[in-house]
Amino acid sequence: MTKINTVLGQIASEELGLTLAHEHIVAAYPGWECDPLAKPYNLEKIAGACLKNLEPVKQFGVKAIIDGTPVDLSRNVDVMKDVSEKLQIHIVCATGRYTEAEGKWIYFKRRESVKIGDMQTEIYEGIMQEINHGIGQTGIKPGVIKVGTGLNRITSCENATLMAAARASRETGIPITTHTEDGTMGPEQADILISEGAAPDKIMIGHMCGNASVDYHLDVLKRGVFIALDRFGIEMKMTDQTRVATLISLLKKGYANRIMISHDCMAAVYGRGGRMPMEEAIKFKNWSFTNIFTNILPALKKAGISDEQIKTMMVDNPRRFLSGD
């Protein structure tokens, strides 16, 4: 069996089990650390909040979580390690970069603008450093490479990341998980990654449930990649009812072996905190790590989706994606 990198070390692929394919243990948008009123970092308190929010998934048999937090969204593998040890759930962390609009890019832009370094090469070197030697001084090695693109376009920075990630994946076998903004640019992401040598079965195009068009999903799937409907519970622009309808259509067309599902939920966030107005909060009323089990799977079963198809999406596909087994 192929080994999979987790924050507690390598495991055999058969140990992975029921997996949430795209979540965040702790994350924050860049800039929170510049807020004088932000809550100070405290590992014990943050880990405690994560444990409180994640513990309910154990009753549903969740054994693993793929954490899609790149470094520029305040990835913290120390928190992940603490949570994994205490909760006894495998956590797979990511290397890579986020979108140009919401990530941290001025450093690489400046270096390239004064011809110190080539952005694509330097991103590749950073990814390879973490894959081969671990993240910082922790020794923790990522199990996925995270890339992202913005709404309806791929910027030069994002293109550089896609190309660097494809090269790293080709050379190491580490798979690639993507962020699409509202489900856009999925075919383009897949085409760039594949053209640069990434294996289709090592690619998961994320947030596809931002687009309700079955034809659009089929256009991505024909490239041989995995797709993720992974924002169940976030109902700002797309309802879970619509997502379920799209998912059922794809499953009935025979694509269970190419789909993963998740929430894109965060167990804790850095920053000042605060409450949303009620009209906004209602759009997140089902956003939790258990929404799939309490609401989505019952709806799928009511529509005739089998336990075997669900197992394929939540056990077999994450294992195949991460390990190739």
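**Close-up 1. A salt-bridge network links Asp191, Asp219, Lys222 and Arg223.** We start with these four residues, which are joined to one another through a network of salt bridges. Keep in mind that this is a predicted model. The salt-bridge count comes to 19, and the next three views pick out some individual pairs.

**Close-up 2. Lys104 and Glu33 meet in a salt bridge.** Their side chains come to 3.3 Å, N to O. Lys104 sits in the loop between β6 (94–96) and α3 (106–113), while Glu33 belongs to the loop between β3 and α1, so this pair ties together parts that lie 71 residues apart in sequence. How exposed is Lys104? With 41% relative accessibility, Lys104 counts as partly exposed. Glu33 is partly exposed too, at 41%.

**Close-up 3. Helix α5 carries a salt bridge between Glu171 and Arg167.** Here both partners lie in one helix, α5 (residues 156–172), four residues apart, or about one turn of the helix. The N to O distance is 3.3 Å. Glu171 has a relative accessible area of 41%, which makes it partly exposed; Arg167, at 31%, is also partly exposed.

**Close-up 4. Lys237 forms a salt bridge with Asp182.** The closest N and O atoms of this pair are 3.0 Å apart. Lys237 comes from the loop between β10 (226–229) and α8 (240–252), and Asp182 from the loop between β8 (176–179) and α6 (186–195), so the contact ties together parts 55 residues apart in sequence. Is Lys237 buried or exposed? Lys237 is exposed, with a relative accessible area of 64%, whereas Asp182 is partly exposed at 23%.

**Close-up 5. Strand β3 is mostly covered.** Now for the strand itself: β3 spans residues 19–27, and nine of its nine residues are buried. Side chains in a regular strand alternate between the two faces of the sheet. Which strands does β3 pair with? One of them is β4 (residues 64–67), which runs parallel to β3 and is joined to it by three bridges. Look for Glu23 standing opposite Asp67 in β4. To get from β3 to β4, the chain passes through helix α1 (residues 43–54), and this β-α-β crossover is right-handed. Strand β12 (residues 266–269) also pairs with β3, again in the parallel sense and over three bridges. There, His24 has Met266 of β12 as its bridge partner.

Key:
Residues numbered from 1 in each chain as written. Predicted model: local features only at pLDDT ≥ 70, side-chain atom pairs only at ≥ 80, totals over all residues. Heavy atoms only, no water. Buried < 20%, exposed > 50% of the residue type's maximum accessible area, 1.4 Å probe, protein only. Helix = DSSP H or I, 4+ residues; strand = E, 2+ residues; numbered from the N terminus. Pairing = 2+ DSSP bridges. Right-handed = clockwise from strand over helix to strand, strands pointing away.
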